[in-house]
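This report looks at ring pairs, at one helix and at a nonpolar patch on the surface. Please keep the sequence and the coordinates at hand while reading.

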Amino acid sequence: NKLERFVSKNFHTDTRHSIIRKSFLLFSEGDDIDPDQLRDNERLLRSSPTILDARIIVVPRTTPNWIVDVIVLVQDVWSLNISGSLSGPRSVRLGVDNINVRGYAHSHYNAIRWNALDTLQKFQFRSVYTIPYIANTFITGQASFIWERDLKQQSLRFSRSFVRVSTKYAGAAEIGHYRIQ
């Protein structure tokens, strides 16, 4: 279908191979094969919002027989999501979520709301930018700017979760300004 190819080519971005290699893989060239690590890596890839499915295949070589090739197959999800609602001529909401900005696995969500009948704040805005697994440290960074009727927030957050069983340290640090009405 021509329309499907046009939309896919112009509005969808696959995750870059270098991003998968640098930010998501728990192993690198020359490492010994560890089946538990490969299972953890498949689970880690699948837990990413940009990847629908992932498989890691080990292909033995004939010569020399102590070397193998590792093939990483990923299937990306659709990267651009648009949402919205119209509640009469005086109230509208529109949101755009790009979960794979330029193939870097970054996420950028923007939403606006307009309610002409709201006496406190007619226009509302929300923007959140997330960078997962910065430079293979498994630290995720997030910047938020929210200017809504009941919440005003500007924040910067860094977090690291227990990615695998052998992860020793996890936690989060956040700095920001919040005003809840």
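Two rings of Phe, Tyr or Trp, the last represented by its six-membered ring, are taken as a pair if their centres lie within 6.5 Å, and the angle between the planes then sorts the pair as stacked when under 30 degrees, as edge-to-face when over 60 and as tilted for the rest. In this structure, which is a predicted model, the count by that rule comes to five aromatic pairs. Two of them are set out below.

| Aromatic pair | Centre to centre | Angle between planes | Arrangement |
|---|---|---|---|
| Phe-24 and Tyr-133 | 5.4 Å | 85° | edge-to-face |
| Phe-123 and Trp-147 | 6.4 Å | 50° | tilted |

Phe-24 belongs to helix α2, whereas Tyr-133 sits in the loop between β6 and β7, so this pair ties together parts of the chain that are 109 residues apart in sequence. Both Phe-24 and Tyr-133 are buried, and ring pairs link these two residues with Phe-138 into a cluster. The pair of Phe-123 in strand β6 and Trp-147 in strand β7 also links distant parts of the chain, at a separation of 24 residues. Here the setting is partly exposed, with a relative accessible area of 37% for Phe-123 and of 37% for Trp-147.

Helix α2, from which Phe-24 comes, spans residues 17–24, and its buried residues are Ile-19, Ile-20, Ser-23 and Phe-24. Because these residues cover an arc of only 100° around the axis, they fall on the same side of α2. The other side of α2 carries His-17, Arg-21 and Lys-22, which are exposed. Among the elements that cover the buried residues of α2 are α3 (35–47) and β2 (68–76).

The partly exposed pair leads on to the surface. Phe-123 and Trp-147 are both members of a nonpolar surface patch of about 930 Å², which is also made by Ile-82, Leu-86, Val-92, Leu-94, Val-96, Ile-112, Trp-114 and Phe-145. The elements that contribute two or more residues to this patch are β3 (80–86), β4 (91–101), β5 (106–115) and β7 (140–147). Of the elements, β4 gives the most to the nonpolar patch, with three residues.

One further residue may be placed for orientation. Leu-120 lies in the loop between β5 and β6 (123–131), and because its relative accessibility is 61%, Leu-120 counts as exposed. Leu-120 and Arg-46 are 74 residues apart in sequence, and their C-alpha atoms are 43 Å apart in space.

Note on methods
Residues are numbered from 1 along each chain as its sequence is written. This is a predicted model: local features need pLDDT of at least 70, side-chain atom pairs count only at pLDDT 80 or more; totals for chains, interfaces and linings use all residues. Side-chain values use heavy atoms; hydrogens and water are left out. Patches are made of residues with over 30% relative accessible area and no salt bridge: like charges are joined within 9 Å, nonpolar side chains (Val, Leu, Ile, Met, Phe, Trp, Tyr) within 5 Å. Accessible areas come from the Shrake-Rupley method with a 1.4 Å probe; for residues, only the protein chains shown count as cover. A salt bridge is a side-chain nitrogen of Lys or Arg within 4 Å of a carboxyl oxygen of Asp or Glu. Helices (H or I, at least four residues) and strands (E, at least two) are DSSP runs, numbered from the N terminus. Buried means under 20% relative accessible area, exposed over 50%, partly exposed in between (1.4 Å probe, protein chains only). The arc is that of the directions from the helix axis to the C-beta atoms. Contact means heavy atoms within 4.5 Å.
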